[in-house]
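Got the viewer open? Let's take a short walk through this one, a stop at a time.

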Amino acid sequence: MERIFGIDLGTTNSLIAAIENGAPRVIAAPETGKTLLPSVVAIAPDGAVTVGERAIEMEPHLTVEHGGQVSAVGYPGGEYGAVIRSVKRYMGLGGDELAPEDRARYTFADLAGPVVRFQIGKRVFTPSQISAEILRALKDGAERALADNEREKVERVVITVPAYFNDGQRQATKDAGRLAGLEVVRLVNEPTAASLAYGLNKLATGNVAVYDFGGGTFDISILSIKEGIFEVLATNGDTHLGGDDIDRAIVDWLLAGLPETVNQSRHVWNSARMAAEDAKKRLSDLSETEIVVELPGHTIRKHLTRDNLEQMAEPLIARTLKRCELALADAKLKAGDVDAVVLVGGSTRMPIVRRRVAKMFHREPLCSIDPDQVVALGAAIQASVLMGGQGDMLLLDVVPLSLGIETMGGVMERLIHRNTTIPTSVAEGFTTAVDNQTHVDIHVLQGERELAKDCRSLARFKLGPIQSQPAGVPRIEVTFLIDANGILNVNARDERTGREHSVDVKPSYGLTDEEIERMLEEAIDLGEQDLEERLLISSRNDAEQILGALRKQLGEFGALVDRIERARMDEVAERLEEARMGADRELIAKLVEDLNEITTPFAERIMDAAIKLALEKKSVDELS
Amino acid sequence: MIECLSCGRRQEPRLICADCGTPLPASLDCFAALGLPRRLSIDLAALERIYHELSRKIHPDRFASREIGIRDASLRATALLTRSYRTLRDPAARGLYWLDLTGEKLAENNKRVPVELAELVFDVQEQLAGMHDAAADSDSARGLAAQVVKRRGELQATMDETVAELERNFIRWDQSSPESPGKDHKMLTMELKAILSKVAYLRTLIRDVDRALENSKAA
């Protein structure tokens, strides 16, 4: 049987892992040798896609912000492209559900629709399509890494999701898998996966808390382990709380007092963010550090101590601990009943996080496995469970949010309570309210609030057609079934005739089946091209982009280049022009790289000029 | 009769095929799903063991590579198992389910506050209102909050007593003769309804108290 692979599709980084010789291992892409693939996707106006480190490299050079739009200076024709980070924050959400800071970050098409769509050039992309590119990059990387010995294909996968993901977010993740040409055998909650990686099944009986503080999300899960059965007792979390928020707090402090135009410049903000993140990481080992942000014509230099950083992080950590308390209460346990605490996510490298967690649970947390890898390793173990390779081990996960229906007066009637073990189902009887009514409208909700309007609309559907009968006579039994992935399925049956009703569930958010089919067709068109051919086309596109960009930049900013530099650029550009007509992919790639290197200082000068223009109205004094 | 999708054997509805061990998409009551006799007194540790054992056999993770029909049967069987386990694990849910099985309903004739709880309900609501109106961070607010915390403990004790009462009712059900139910069952049903309605009220009270304490902490 072909192997099932485990994928951690993270907000900041993504990884792929599999069981090799009985032990889980993360698979590194052969070209970079790196196991972490940054979850960053660059899309050119013509649709050419770049993922990972290379997409990050494109970011500072190729994008500037003006008029609230992120535009790519590096692409020909002056069209807009974009480099998208943290696409996970957008998965399965409607425009009205976006956090304000997420809404401001990119340009969207039709925020009123049931699913957010990134507007990039003349094209629109759903978050699932962007995520599919990350999955495809992981798949391709792993297949290249495994090509030598077995030419193995990556076709069936387990993908991890934050435990707190709702139905729509889970569905969007599954859609992304399908769009990447993968069969998603199971979605697994990240904290649960992490507990598998620690081999806690050797702990015959006990309770485990998994504290997962990542870049963008926070999750806490409480599990009970008994003879190989991992039973999740409760889970809680915040989909908008992570290390990024700590970085942002540092950036706010760094940029405090700067004029707004500068503050809001994407370039300035990006530089500050990177400096902030680096400083935060350094302060996990050091007690103080210097932060330097180079801006055109000005340098921000500030001194940050670990104490300062911890003060900034404190309120965010307090929010995570509040979530831990809620999860413990739901699990009907006290902090002292927990026998082991597992740390997951890069943010748990911060000493203050470890201290606070240790204090809360009265014990030192486990952190021997790299917190960036632990989820992917656990996903590989779950994949192995699905292949029958882990003996008696079994995971019993829960649904994170209550599921219910809207009843009269807009009240939410709970049918399945949060933290119910899945798969589970509940049957509810429906009838008609007036004579000869032919349809019953049902509105499915997810959430913990009393009123329907405060819960998340999950889906609407019409029961029927129902045979004309007096009010209250028809009896239709609707079964709401939540599968092992935490995704809702609905079917209905006429209790008198036993006939199954077709239920056409229209998701309130997310994509319809037809939309997925259409995207799949597009994706298959791409997938059928030979890999080599795709790589050649991709490198030709790279060549076209950089040549086009150079022409355009030289036209507008030619004065910033001296004669010698210009001659070198022209020479390499000419050779590239010639090479891109041929089929030597490696030559094209090399020349693109050369040209990129030669023109980088030029691109930086253009950027500086643009920033200076923005800063001109403010005196330099205001900056310090 | 139900047919196994894997080996084709026709058999009485059950959770797992008697021949090949494949899950069956049967409709079963909660007791039958767990292979238990219809008795109300249940040893929770044994119940959990049975649940885990059956989960190991029928969970969808065990059939991930099988054909869709069998995967679907496994999903449905596991959903039924989980629901049955949750229903029987919680004494109040078990009692309600028992009423359901015997064709009774709690809601009818039981809308009023149980008499023995009337005073308690009134007192708690008074206290919560007082706490709500007291100025934040004042001495009187702290005093009232302390009283409510104490009250929370008393409510829990009353709840524990009521659940014990419920367990005693369960034992009497199990001892009652199934051959001549009649009067016995009528009385037991009335008592069961009264206890369950008490449990429901206590749960609501405890939830309200917890919410009020939560909000006062947040303020």
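Before the first stop, one term: two strands count as paired if DSSP finds at least two bridges between them. Keep in mind, too, that you are looking at a predicted model.

**Stop 1: a hairpin.** Select residues 205-213 of chain A, which is strand S15, and then residues 218-226 of chain A, strand S16. These two run antiparallel and pair over 9 bridges. For one rung of that ladder, click A:Val210: its bridge partner in S16(A) is A:Ser221. Together S15(A) and S16(A) make a hairpin, with 4 residues between them.

**Stop 2: another partner for S15(A).** Now add residues 340-344 of chain A, strand S20. S15(A) and S20(A) run parallel, joined by 5 bridges. Pick A:Tyr211 and look across to S20(A), where A:Leu343 stands opposite.

**Stop 3: a helix with a bend.** Select residues 306-330 of chain A to bring up helix H9. Its 25 residues reach 34 Å from first C-alpha to last, close to the 36 Å expected. Where does H9(A) kink? Go to A:Glu314, shortly before the proline A:Pro315, and you'll find a kink of about 40 degrees. Try colouring the buried residues of H9(A), among them A:Leu309, A:Ala313, A:Leu316 and A:Ile317. Just past the helix, A:Lys332 has a positive phi of about 55 degrees.

**Stop 4: where the chains meet.** Show chain B as well: the contact takes 20 residues from chain A and 14 residues from chain B. On the chain A side, elements giving two or more residues include helix H11 (374-386) and strand S26 (424-430). Colour that side by class and you get 12 nonpolar, 4 polar and 4 charged residues.

Terms used: Residues numbered from 1 in each chain as written. Chains lettered and ligands numbered in written order. Predicted model: local features only at pLDDT ≥ 70, side-chain atom pairs only at ≥ 80, totals over all residues. Expected span 1.5 Å × (residues − 1). Bend = angle between axes of the 7 residues up to and from the residue. Buried ≥ 20, exposed ≤ 12 C-beta atoms within 10 Å, placed from the backbone. Contact = placed C-beta atoms within 7 Å. Nonpolar A, V, L, I, M, F, W, Y, C, P; charged D, E, K, R; others polar.
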